[in-house]
Amino acid sequence: MRLSVLENGHGFGTKVLFTLIRAFSRQPVLDVIKLVKYRADFYGGPMQRITQEAMRGPSPWSVGDRELMAAFVAKTNECEWCTRAHVAVAERAYRDGTRVSQALSDLDGAPIEEPLRATLRMLRKLTREHTVSADDMRAVLAAGASREQVEDALAVCFAFNTIGRLADAFGFALASPKGFEAGAKYLLARGYR
Amino acid sequence: MSDIRQAHEALVERVLDGQGVASRDQRRSAFHASDLAAPLGTLVDKVAKHASRVTDEDVATVRAAGFNEDELFELVVCAAIGQATRQYEAAMAALVTATAKG
């Protein structure tokens with residue numbers, strides 16, 4: 001990472017936690033964990049409350065749908081770290097890797113439900129162009145997504161438009177496939193707390 | 001429905017108005033991606049618009065200009081949250097317009 005404080009500026013208790021994570025997972029500590037645990041009162045704590053609510057709070061979208069949205073926003077932002085991390089979680093949540101890879105590579109032709117497809121299309125425009133219009137929203141609603149679903153998707157989009165920027169700006173080191181798998185298992189079992 | 005509004009307000013209030021190493025003015029400028037001279041302004045603009053293009057050199061140049069790592073940590077966090085917030089608020093406003101009666 002580009003800031004040494006994010007690598008080794010944590011307090012004693014957090015360093016002990018990292019030792020336990022390494023021992024338990026048999027993988028290096030992911031850079032995203034190092035970020036959220038550094039001066040957690042400033043960013044990590046308040047942000048984890050948002051991410052937990054957006055990704056695991058009550059929603060008409062499944063966990064797999066929301067993880068797919070996270071991966072899709074990350075891919076649109078060209079954030080390789082977040083794309084790999086959340087593809088791994090979405091594949092595990094859906095128990096269907098093809099659905100995820102097809103949605104990311106060919107949204108129009110992917111075998112997904114129309115409300116989800118229209119929502120992902122809107123999130124892609126928002127992420128690329130930094131804004132969307134009322135007509136864009138009408139298209140999502142016309143495809144069958146409820147207002148509640150749109151709001152929940154925007155919460156996911158906010159979280160990953162923040163986290164992806166930080167992953168790239170701070171220069172997160174890519175984990176191994178096993179490292180991302182271990183992270184995905186943890187996120188499905190424990191969420192983002 | 002998941003509801004992030006209160007948590008989002010708390011996050012923004014914390015990073016902008018809470019205790020920090022960077023000044024509140026600097027954090028606000030980073031959040032709004034405005035009124036910052038190069039090289040910090042260049043880095044903040046990249047974080048907001050093309051974060052995947054941030055380089056080691058971008059960060060090293062800001063460090064060489066006298067910002068310490070904790071200031072950089074805070075200002076980059078503010079820049080990322082600021083841009084994501086503008087996008088979120090623009091989209092929520094579009095949704096309100098799309099669902100308005102009449």
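At what angle do helix α6 (residues 80–94) of chain A and helix α7 (residues 97–105) of chain A pack, and how many Å apart are their axes? In this predicted model, the two helices meet at about 135°, and their axes lie 7 Å apart. Because angles over 115 and up to 145 degrees fall outside the parallel, antiparallel and perpendicular classes, α6(A) is oblique to α7(A). On the side of α6(A), the contact is formed by Val87(A), Ala90(A), Glu91(A) and Tyr94(A), and these residues face Gly97(A), Arg99(A) and Val100(A) of α7(A). Sorted by class, the residues of this contact comprise 4 nonpolar, 1 polar and 2 charged.

A second helix pair is found in chain B, where helix α1 (residues 5–17) and helix α2 (residues 24–32) pack at an angle of about 130°, with 8 Å between their axes. The pair α1(B) and α2(B) is therefore oblique as well. From α1(B), the residues Val15(B), Leu16(B) and Asp17(B) come into contact with Arg24(B), Arg27(B), Arg28(B) and Phe31(B) of α2(B). The contact of α1(B) with α2(B) holds 3 nonpolar and 4 charged residues, and no polar ones.

Helix α6 of chain A also takes part in covering another helix of that chain, since the elements that cover the buried residues of α11(A) include α2 (12–25) and α6 of chain A. The buried residues of α11(A) are Gly179(A), Phe180(A), Ala182(A), Gly183(A), Ala184(A) and Leu187(A). Helix α11 (residues 177–190) of chain A has 14 residues, which at 1.5 Å a residue should span 20 Å, and the distance of 20 Å between its end C-alpha atoms agrees with this expectation. Just after α11(A), the backbone at Gly191(A) adopts a positive phi of about 75°.

Positive phi values also occur in residues other than glycine. In chain A, His130(A) has a phi near 70°, and His130(A) is placed in the loop between α8 (114–129) and α9 of chain A. With 16 other C-beta atoms within 10 Å, His130(A) is partly exposed. In chain B, Asp35(B), which is not a glycine, has a positive phi of about 60°; Asp35(B) belongs to the loop between α2 and α3 of chain B. Asp35(B) is exposed, because the number of other C-beta atoms within 10 Å is 11, where 12 or fewer is the limit for that class. The loop between α2 and α3 (40–49) of chain B also contains Pro39(B), and the peptide bond that joins Ala38(B) to Pro39(B) is cis, with omega near 5°.

The contact between the two chains draws 45 residues from chain A and 39 residues from chain B. On the side of chain A that touches chain B, at least two residues each are supplied by α1 (4–8), α4 (44–56), α9 (134–142) and α10 (147–170) of chain A. The most is given by α10(A), which contributes 17 residues to that side. By class, the side of chain A that touches chain B is made up of 23 nonpolar, 10 polar and 12 charged residues.

As regards the confidence of the prediction, the complex is assigned an ipTM of 0.97 and a pTM of 0.97 by the predictor. For chain B, the average pLDDT is 96, and 99% of the residues score at least 70.

Definitions and conventions: Residues are numbered from 1 along each chain as its sequence is written. Chains are lettered from A and ligands numbered from 1 in the order in which they are written. This is a predicted model: local features need pLDDT of at least 70, side-chain atom pairs count only at pLDDT 80 or more; totals for chains, interfaces and linings use all residues. Axes are lines fitted to C-alpha atoms, for helices over the stretch in contact, and angles run from 0 to 180 degrees between N-to-C directions. Helices (H or I, at least four residues) and strands (E, at least two) are DSSP runs, numbered from the N terminus. Angles under 35 degrees count as roughly parallel, over 145 as roughly antiparallel, 65 to 115 as roughly perpendicular and the rest as oblique. Two residues are in contact if their C-beta atoms, placed from the backbone, lie within 7 Å. Ala, Val, Leu, Ile, Met, Phe, Trp, Tyr, Cys and Pro count as nonpolar, Asp, Glu, Lys and Arg as charged, and the others, Gly among them, as polar. pLDDT is the predictor's confidence in each residue, from 0 to 100. A residue is buried if 20 or more other C-beta atoms lie within 10 Å of its own, exposed if 12 or fewer, and partly exposed in between; C-beta atoms are placed from the backbone. The expected span of a helix is 1.5 Å times one less than its number of residues.
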